[in-house]
Amino acid sequence: MTKTEDTRIKEQFVVYLSGAMIEDHPDHRTWRGEAIAKFNEFGIATRSPYRGRDASKIMKVDKYHYTISTAPISNRLGNMLVSRDLKDVEDCDVLLVNLTGTKNERPAIGTLSELAWAYQLRKPVICVVDEETTQPDYFKHPFMHQFVSQWVSTVDEGIRVIASYWYPQAIEGY
């Protein structure tokens, strides 16, 4: 562990796993679990917005609102979720953003916010899209082209790019 300029302890290289979190799509959790396992093989730490979610008794109230099962609905849980995601983006070294599976779904507003934060903080962003399952506005919009450092077509390709280029202990020829 090393200390950063603001005296907080910083882990080794960290990748934030950004992307849609639509509860009806278990694959939005699955790809993160698989990515965590693959990054672990390289000794790369990850942060997922799903971490702790099941154990914390967070419950969905409606399409956009959550609560903790033992707290009144006005507990400002949304503020807590946004604050943690912002801290994760601030603390990470690179974002792996998966926008596949977003076609015909509600906008990934949280993911778009994370992309804007990353851009403002000058964090590299590797973004996974494919024409078949990704909302086309995401990979055609000029803002997105400013936010994204590199486009890839699979999560595995994104992991390879991060491990072989952005990771300080990158493996030559990987």
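This report walks through the sheet, the helices packed on it, two buried polar residues and the aromatic pairs of the structure above.

**Overview**

Please keep in mind that this is a predicted model. The protein has 6 helices and 9 strands. Of its 174 residues, 40% count as buried. The accessible surface comes to about 10100 Å², and carbon and sulfur atoms make up 54% of that area. Contacts across long stretches of sequence are well represented: among contacts with a separation of 6 or more, 67% are between residues 24 or more positions apart.

**The sheet**

A good place to start is the open sheet, in which 5 strands follow the order 4-3-7-8-9 with parallel pairing. Which strands stand at the edges? They are strand 4 (45-47) and strand 9 (150-152); each has a single partner strand, so one side of each is left without a neighbour in the sheet. Direction ignored, neighbouring strands of this sheet are turned by 25 degrees against each other on average.

Strand 3 deserves a closer look. On one side, strand 3 (residues 14-19) is joined by 5 bridges to strand 7 (residues 94-98), and the two run parallel. Within this pairing, Tyr16 stands opposite Leu95 of strand 7. Strand 3 is also joined to strand 4, here by 3 bridges and again in parallel. The bridge partner of Val15 in strand 4 is Thr46.

How many residues of strand 3 are buried? The count is 6 of its 6 residues, and the strand is described as mostly covered. In a regular strand, side chains alternate between the two faces of the sheet. Strand 3 can be read with that in mind: Val14, Tyr16 and Ser18 point one way, whereas Val15, Leu17 and Gly19 point the other way, and all are buried.

**Helices on the sheet**

Two helices can be placed against these strands. Helix 3 lies across strand 3, strand 7 and strand 8 (125-128), and runs at about 140 degrees to strand 3. Helix 6 (residues 155-166) also packs on the sheet, where it touches strand 3, strand 7, strand 8 and strand 9. The direction of helix 6 makes about 170 degrees with that of strand 7.

**Two buried polar residues**

Asn98 is a residue of strand 7. Its relative accessibility is 5%, so Asn98 counts as buried, the cut-off being under 20%. The side chain of Asn98 makes a polar contact of 2.6 Å with the side chain of Thr100. Beyond its neighbours within four places in sequence, Asn98 is in contact with Ser18, Gly19, Ala20, Trp31, Val128 and Val155. Of these, Ser18 and Gly19 point opposite ways from strand 3.

Asp85 sits in helix 2 (residues 77-91). Is Asp85 buried or exposed? At 15% relative accessibility, Asp85 counts as buried. Its side chain is joined to that of Tyr16 by a polar contact of 3.5 Å, which leads back to strand 3, where Tyr16 is one of the buried residues. Leaving aside neighbours within four places in sequence, the contacts of Asp85 are Tyr16, Pro49, Glu114 and Trp117. Asp85 and Trp117 are 32 residues apart along the chain, and their C-alpha atoms are separated by 9.9 Å.

**Aromatic pairs**

A search of the whole structure finds 4 aromatic pairs. One of them is formed by Tyr119 and Phe147, a tilted pair with 5.3 Å centre to centre and 50 degrees between the planes. This pair links distant parts of the chain, with Tyr119 in helix 3 (residues 109-120) and Phe147 in helix 5 (residues 142-147), 28 residues apart. Another is formed by Tyr165 and Trp166, an edge-to-face pair with 5.0 Å centre to centre and 85 degrees between the planes. Ring pairs also link Tyr119, Phe143 and Phe147 into a cluster.

The residues of the two pairs described here have these accessibilities:

| Residue | Relative accessibility | Class |
|---|---|---|
| Tyr119 | 42% | partly exposed |
| Phe147 | 13% | buried |
| Tyr165 | 59% | exposed |
| Trp166 | 31% | partly exposed |

In the tilted pair, then, a partly exposed Tyr119 meets a buried Phe147. In the edge-to-face pair, Tyr165 is exposed and Trp166 is partly exposed.

Terms used: Residues are numbered from 1 along each chain as its sequence is written. This is a predicted model: local features need pLDDT of at least 70, side-chain atom pairs count only at pLDDT 80 or more; totals for chains, interfaces and linings use all residues. Side-chain values use heavy atoms; hydrogens and water are left out. Rings of Phe, Tyr and Trp (its six-membered ring) pair if their centres lie within 6.5 Å; planes under 30 degrees apart count as stacked, over 60 as edge-to-face and the rest as tilted. Helices (H or I, at least four residues) and strands (E, at least two) are DSSP runs, numbered from the N terminus. Buried means under 20% relative accessible area, exposed over 50%, partly exposed in between (1.4 Å probe, protein chains only). Two strands pair if DSSP finds at least two bridges between them. Axes are lines fitted to C-alpha atoms, for helices over the stretch in contact, and angles run from 0 to 180 degrees between N-to-C directions. Contact means heavy atoms within 4.5 Å. A polar contact is a pair of N or O atoms within 3.5 Å; within protein, one must be able to donate a hydrogen and the other to accept it, and residues adjacent in sequence count only if both atoms are side-chain atoms. Accessible areas come from the Shrake-Rupley method with a 1.4 Å probe; for residues, only the protein chains shown count as cover.
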